[in-house]
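Good morning, and thank you for making time for this presentation. Please look at the sequence and the structure as they appear, and keep them in view while I speak.

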Amino acid sequence: MKKYFLLLCLLAIPFSGGGAGAAAQDDASRIRVSVVLVQLNVAVTDNKGNYISGLGPEDFAITEDKIPEKTATFEEGNGPTRRLMQVGPGGKGFTEVTEKAGDPTSLEPSKKFAGANVFILFDTSNYMYRGFVFAQDAIADFIRSLEGVSQVALYSYSRDLSKVAPLTPDRSQVLRGVRSTVAGDDAALYNGLLLTVKDAARLTGRKAIVVFSNGPDNASLVPPEDVAELAQSTGTIIYMISTQAAESEPVSTAVFERMSKATGGKAYFSKGWQDEKQAFASIRDDLAHLYAISYYPAPNSNRGWRSISVKLVGKNLQKYRIRTRAGYRLLQTAQASQSMEESALAAKP
Amino acid sequence: MMKFPLRTVATFVVAFSCLSVCPSLCAASGVPTTPAPPSVETATIPGPLRSFLRMAAVSQKVPAPDVMPLLARNIFMQGYQRGNPTEYLLLLGRYVQQARELQILAGSTNAIHVSNCDDAGTLVQILGYRLREGCGSKNFFLETANPERAFLTIDSGFPLTDLEEALQKGVAFDYPYAPSRVPVLFKESDWTTLSAGQKKGYVNLVDQLINDPGVARLYWAMTKIDTETRVALLRSPGLRRLLPTAAALDFYGSQISIRGGRVVVPGGAWTQVTWRDLVGASPDNPSEFVPRLLAKDNGWLAAYFDVLSRVNESQREHLVENGRLKRFYEDLRGSDIEPPATRGVFRQAPDLLVLFTRVEWEANGEPHVPGNLDVWKQIVRQKTDSKTIKDYNKRVRGLDHPEQLLDAMVAYSRVVTDVGPLQIYLTMCELDKGRVPDKRMSPETVSLLASNYAQFNNWFLVFSEFPDLTDESATRFVNVGDSIDKISNETLRGNTLGSLQANIGLWQILARQGQIPTAQLNSSWQKMIDPFAKITSSTQLFDAARGSLGVLLAAAAPSNGSSVDIVELLAGPRQDTPDGQRVHQELARRIRSVLEDQHLVSLETLFALSDGLSEMSQGKPANSSLITLAGELREFEMPRPIFTQSEKIDWAPRVYTSHHAELQIQTDLTKVMKAPGTRAQLEAARGQLVPFLRDTLVGLNYAYFEPPGAQILHNNPLFVRSHDFTEISVVGTEQFWQTPMLLGVGSPAGGGAYLMGSLTDLSYALAMTEQDFIAPENVQALIWKELVPDLLVSATLPRWWTVSPHELHAVALYQRNGEELLAASTKDPQLRAKVISILSDRMMPARLERAELALQHEEDLAALIPRMMPADTFYLAETFRRKYPGEAVSVGPAGQQLEDLSRQYPTEVSWEKISKDFGVPHPTMARTNSRELLNVKPFPFFGGYSSRLFGESWESTNLYWARLADELGYPPVMLNRLVPELTRHMTAKIFATDLEDWPAMLRAMQEAGDELRQGKIAPLPSTSTTAQRQDQPVKEANTP
């Protein structure tokens, strides 16, 4: 049974966000099964916004389209991943799965789930011209401040997306990338965000996109709805860091707030780019305190949008607030395969 | 560097330039750092060249001699707006100032040295930064102190992070900061002494150019002229006299060539007298001839001279004989020389170049007349708002001879329109071009098409691409189109337009892929469009669309009966080889992936539902499978809303709503099935399937033309459904049959971009849509919008199913043989003369001159070969073999192999076959989507609908990909997979400075090719016997 569970986890890696999973070979030792692993990043805070730590898998109740789901893995902050089996009457208790060393089906938690991968998406359009260098300073500060994050990438966008620094643990490389960005051209935020979400979608574990933008979009072809859905479906958190300049444009404000909320992230509007310390600390704390919970969806005939609800169990916990993504849509295999193909291309020497 | 909305600017300011003829702009290597030869005058640029190029918006990959020309070009193009300096110019000026400050700091050692943190104050201050927390503190960083200076520091690429890290570590920071010297045209003082008034007094050329856009434009214009000519012009009339005509020289001067003290006039020596009369000075006297030519008639004579110089020799011979040279100019000039030919940012009269390039001549030397002259009398007398046409028609009343028709067309070429008599003439000529003389269009058909030109002109390309379609087919199309336009119910009209146009699109694809037999092209066309002639209800439309689709499927796959899979057909003809089958499957998979991501209902489901409903209306009960199928219609969901309805109304401009998609979501056939409904209700329910059917048919077209790297097609499930066929998005337009426009861009609350218009030219519209998702590898990808769509179309519209290994190998051999000819001509002056003569039909004078110089020195050959466009070497070999049979064989092994291959497989190796398979579509230049290699020089950039002429004249890519494929041993079918992928990579690598930067295209193409060779591109299925495949044709070719 343990092996079966672990196999499921392994197979689900390509689409831990909730897309169609892979199928194992049907031979004597393995079981052919289609799997979908849904991974949630859950922030639990009190009414002052302080993070609540120390909760366990038994404290969370997850439903998908009102169907109760069983937790498969559980992780708090940057702690180790716990593989779980539900036990006890009604399956309400949990026991951890022991992973044997050298077991080919064993996940390596330190590699798979330790720390988050953060993509920074920097608006370098004309809208940022006046505050461009201050925004660069802010991003540099943000990168320096990131702790407990495995890898960071820097992308920038104007009309096109530019992959300035690929995902790397080397902060210096990313900082150089920040100082190499150039300003100008139209703004296609949602185009750029879509491509960034697709890159993030290939990764397992916690992944977040932090957008530095003053807001207006005058060149995107995809609507924010599509981007938000893809981010939710792939379990990618979006944080938006902006200034009060963005608040003069209600469309951007609305999208920033709603899109980040829908993906389990947050939007921040500070006075200016020099004044983003609070936002950085908040994101840093968020990434460090998120509970990463995954489950294999129970049978569900819904092939469209699936709503997710996460609640805390027990009277004492009801005073706390939960922030996570609102649901996901089953990804088309076509999208999945395209994504994988691009990944394969990128992996070529 | 400041990336101002370059593309936006580019669309209206870039028509001036002609990078491909700049002094050394053909070089494909990186920025050379070696100093210029001592004999070449140089100018000083403060600071590193790399930083300056960033600030000046010049590609890092240009060679040093091209820096000043491109700087000059950018200054006059982007530096001023209504006489005021733009942000671009301000930043450039500030940067130069900052660089000079840093230069002083660097001192005589030309190196900035900071030994430690305490020593960094001055440098950090110049850079616009300050030390946060101070030296020695734990959290020591650099932060912005002076945003204006800091911006320059960042934009110019100063290594700020290196400085920061050095200071943090307490180690010295050293940065070479030598001034850069770049070659100057003539002497620096020739330019710095040109200006008058406030603009004079500068001793440095950079300062001079920044402060005087007139001088900058003249500088740019002069660099596009060949060396001998510009030296002659410098001598006399001199730069000062040329300065007032800088605009004309820039637009129309690149073809001016002075040889041996004489201006080479288009048409040859015997036209010198006519040119003397036209210009008012003899070509023997360049110092008078050139300035007069440029100034005459507000630049119109220069424009005429330029066009005649650009067309190939055989066309030009026609155009200058029988008094045409002078007469045509009088036609063009007309009675009014306003507006000037130099007005604005685009060259004028683009269709004069198209007309002179494409006009057909009868055997008796007269121009071709489609229909007859009586028809044209009606056409030219049609009501018009054009003053030019009215004036001409008033002045010249007779139209009794073909010459007079051509006269009129020349006169009309100054009219800015895309639906005037000239455009009709050009289209009708192209329609006739592919037809045998006795099958040319009748006067009645010409009249009918002309009178409906404004509405249907974009669809007439079908008839030029498929000349087997008869007059009757064209007539039926117009009549069906008219009847659809009269459908009053907007929803029904939209669905009818979409369904018919989608089926026509599918017919074109299958016909283009050779799946509809030639003998059935005409009959299948007629049977396909006839069902749409009288549509009055949705149910009737469903049956018509289904029946129409059945006709073309039956024509394409007669043996498959009703079980034919349209996707399999679209993916290409049936393949017998493993490679062919693999590629076929791959293309089918791609088509299906778009259909799935757009959540389109399968044709099988729709037809089964229709059949089931029909049976129910005849009394049969509904079965459970039918209800399950009806459930499939409801699987599509709208994306989760981010905005409320009222927010959408407030924040989205009044654009097309998702009404069509919302109607589908409301469709629930299960009710009528379960009830069951009355016969009328069941029939009406069949009508409810129409929107689904339309979308699937339209989606098949979209999927077929999926550009490489497409994202919208996979991520916006409303994209196909949102296609606005009835143009309700824009009030007052009823151009239902025009090429689609992209709407909804940059409107976050509007639900995403979509196309409005018809399905004609869909491949281009999709390329326009998806192009921005190809992430450029370089900052400067300026030519994106103007060139990339055409580049993508040349990779998505063609397929290569009928190319044999022999043909593929021949494409490579032609190019290699062209290179052999170049190599051999370095030692053989007679051969060199022949080579240059052939290339003169394709290369601009300045570029030709450099090629000629390189061919005189064997050591320069290695540098020349990579700078030659594949289309040029291909053309050289093909023409040489034709003009001098047998001579090309001896110049090298490729020539010999080509000769052998040609003997064995004359059809596969023929120009016609290769041109058809490896040419690009020329919908603007040749009014057809047929592929063809045209023997033309690169077209300059024009405004408006003619802007595509420029992209259509780039024909090298597919020839180059074919050569690569052959050399790497890929079978020809693999081109279907390789070409889009390589084109995507090439696009990402474009690093250009201006629109006509052909060398940048060549560089990007070669870089993509190198990556393929290195295995970095495309996980292509391994070919079974790569080496064998490569050797096979050669062996065969070597076999007598």
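Directly after helix 7 of chain A, A:Gly264 adopts a positive phi of about 95°. Helices here are DSSP runs of H or I with at least four residues, strands are DSSP runs of E with at least two, and both are numbered from the N terminus. I should state at once that this is a predicted model, in which local features need pLDDT of at least 70 and side-chain atom pairs count only at pLDDT 80 or more, whereas totals for chains, interfaces and linings use all residues. Residues are numbered from 1 along each chain as its sequence is written, and chains are lettered from A and ligands numbered from 1 in the order in which they are written.

Let me stay with helix 7 of chain A, residues 250-263. Its 14 residues should span 20 Å at 1.5 Å a residue, and the end C-alpha atoms are indeed 20 Å apart. The expected span is 1.5 Å times one less than the number of residues.

Which residues of helix 7 of chain A are buried? They are A:Val251, A:Ser252, A:Val255, A:Phe256, A:Met259, A:Ser260, A:Ala262 and A:Thr263. These buried residues cover an arc of only 160° around the axis, so they are on the same side of helix 7 of chain A. The arc is that of the directions from the helix axis to the C-beta atoms. A residue is buried if 20 or more other C-beta atoms lie within 10 Å of its own, exposed if 12 or fewer, and partly exposed in between, with C-beta atoms placed from the backbone. In general, an α-helix has 3.6 residues a turn, so residues three or four places apart point the same way.

What covers these buried residues? The cover includes helix 6 (224-233), strand 11 (236-243) and strand 12 (267-270) of chain A, together with helix 35 (645-651) of chain B.

Strand 11 of chain A is itself mostly covered, with 8 of its 8 residues buried. A:Thr236, A:Ile238, A:Met240 and A:Ser242 point one way from this strand, while A:Ile237, A:Tyr239, A:Ile241 and A:Thr243 point the other way. In a regular strand, side chains alternate between the two faces of the sheet. Strand 11 of chain A runs parallel to strand 10 (residues 207-212) of chain A, and 6 bridges join them; two strands pair if DSSP finds at least two bridges between them. Within strand 11 of chain A, A:Ile237 stands opposite A:Ala208.

Chain B has already appeared in the cover of helix 7 of chain A, and I turn to the interface. Here 56 residues of chain A are in contact with 52 residues of chain B, where contact requires that C-beta atoms, placed from the backbone, lie within 7 Å. Among the elements of chain A that give two or more residues to this side are helix 5 (189-201), helix 6 and helix 7. The side of chain A that touches chain B divides into 27 nonpolar, 14 polar and 15 charged residues. Ala, Val, Leu, Ile, Met, Phe, Trp, Tyr, Cys and Pro count as nonpolar, Asp, Glu, Lys and Arg as charged, and the others, Gly among them, as polar. Helix 5 of chain A is mostly covered, with 13 of its 13 residues buried.

Now to chain A as a whole. It holds 9 helices and 16 strands, and 52% of its 349 residues count as buried. The domain assignment, which is automatic or taken from a database, gives domain 1 (2-100 + 289-333) and domain 2 (116-288) of chain A. The contact between them takes 22 residues from domain 1 and 18 residues from domain 2. On the domain 1 side, strand 1 (38-45) and strand 16 (327-329) of chain A each supply at least two residues.

In chain A, strand 4 (residues 71-76) has 6 of its 6 residues buried, so it is largely enclosed by the rest of the structure. It pairs with strand 13 (residues 291-295) of chain A in the antiparallel sense over 5 bridges, with A:Thr73 opposite A:Ser294.

A:Asp59, in the loop between strand 1 and strand 2 (60-64) of chain A, is partly exposed, with 18 other C-beta atoms within 10 Å. Not counting residues up to four places away in sequence, A:Asp59 touches A:Leu312, A:Val313, A:Gly314 and A:Leu317.

Terms used: Two residues are in contact if their C-beta atoms, placed from the backbone, lie within 7 Å.
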